[in-house]
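Opened a fresh page for this chain. I want to go from the outside in and jot down what I look up on the way.

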Amino acid sequence: MIKIQELRIGNMLFVEGTFIKVGKIEENSISWNIAKDTAKFKIWNPFLPISDKRINPIPLTEEILLEFGFFKKLGNYELENFRFHISQPMNFDGFVFCEGYSVITDKIQFVHQLQNLYFDLTGDELTFKKD
């Protein structure tokens, strides 16, 4: 389960198989907009308590990194305007963000964690390039 303190407006999550973008955060609930039309059905009430079991983090995968505009270079993932590279060491559950040999943070497993790190480091939102 995601903690409300982990979220920012603009973070992407899954609700019943649909990518959503957090639009509003209240004490224990969120509202959203559809971030990517992947739904086979429409969600009628875009306002749910964060404890609702239909709200899930999006696992960070190579496919997602590529949708954000990262490109693979020598086994790492990089963005043109992002100094740090992302790698997924063997036998490691998650990604690490490095510059050279200095690890910035360990174990980034979900899209909202990557979005928060990117925003903290650059001051810009990380969104799908197809948006």
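Surface first: I get about 7,900 Å² accessible for the protein chain, with 52% of that belonging to carbon and sulfur atoms. Note to self, this is a predicted model.

Burial next. The chain has 131 residues, and 41% of them count as buried.

Then the fold elements. I count two helices and ten strands, and reading along the sequence I get β-β-β-β-β-α-β-β-β-β-β-α. For contacts with a separation of 6 or more, 40% come from residues 24 or more positions apart.

On to the cores. The largest nonpolar core holds 17 residues, and Ile64, Phe68, Phe70 and Leu114 have the most contacts inside it. Elements giving two or more residues to this core are α1 (62-67), β7 (76-79) and α2 (111-122). The largest share comes from α2, with three residues. Apart from this core I find another one of twelve residues, Ile2, Ile4, Leu7 and Val15 among them.

I clicked on Phe68 to see its neighbours. Leaving out residues up to four places away in sequence, Phe68 touches Met12, Leu79, Val111, Leu114, Gln115, Leu126, Thr127, Phe128 and Lys129.

Last stop, Ile55, in strand β5 (residues 55-56). Is Ile55 buried or exposed? Its relative accessibility is 6%, so I log Ile55 as buried, the cut-off being under 20%. With the same sequence filter, Ile55 touches Leu13, Phe14, Val15, Ile30, Leu48, Pro49 and Ile50. I also checked C-alpha atoms: those of Ile55 and Phe14 are separated by 5.8 Å, though the two residues sit 41 apart along the chain.

Note on methods. Residues are numbered from 1 along each chain as its sequence is written. This is a predicted model: local features need pLDDT of at least 70, side-chain atom pairs count only at pLDDT 80 or more; totals for chains, interfaces and linings use all residues. Side-chain values use heavy atoms; hydrogens and water are left out. A nonpolar core is a set of buried Ala, Val, Leu, Ile, Met, Phe, Trp, Tyr and Cys residues joined through side-chain atoms within 4.5 Å. Buried means under 20% relative accessible area, exposed over 50%, partly exposed in between (1.4 Å probe, protein chains only). Helices (H or I, at least four residues) and strands (E, at least two) are DSSP runs, numbered from the N terminus. Contact means heavy atoms within 4.5 Å. Accessible areas come from the Shrake-Rupley method with a 1.4 Å probe; for residues, only the protein chains shown count as cover.
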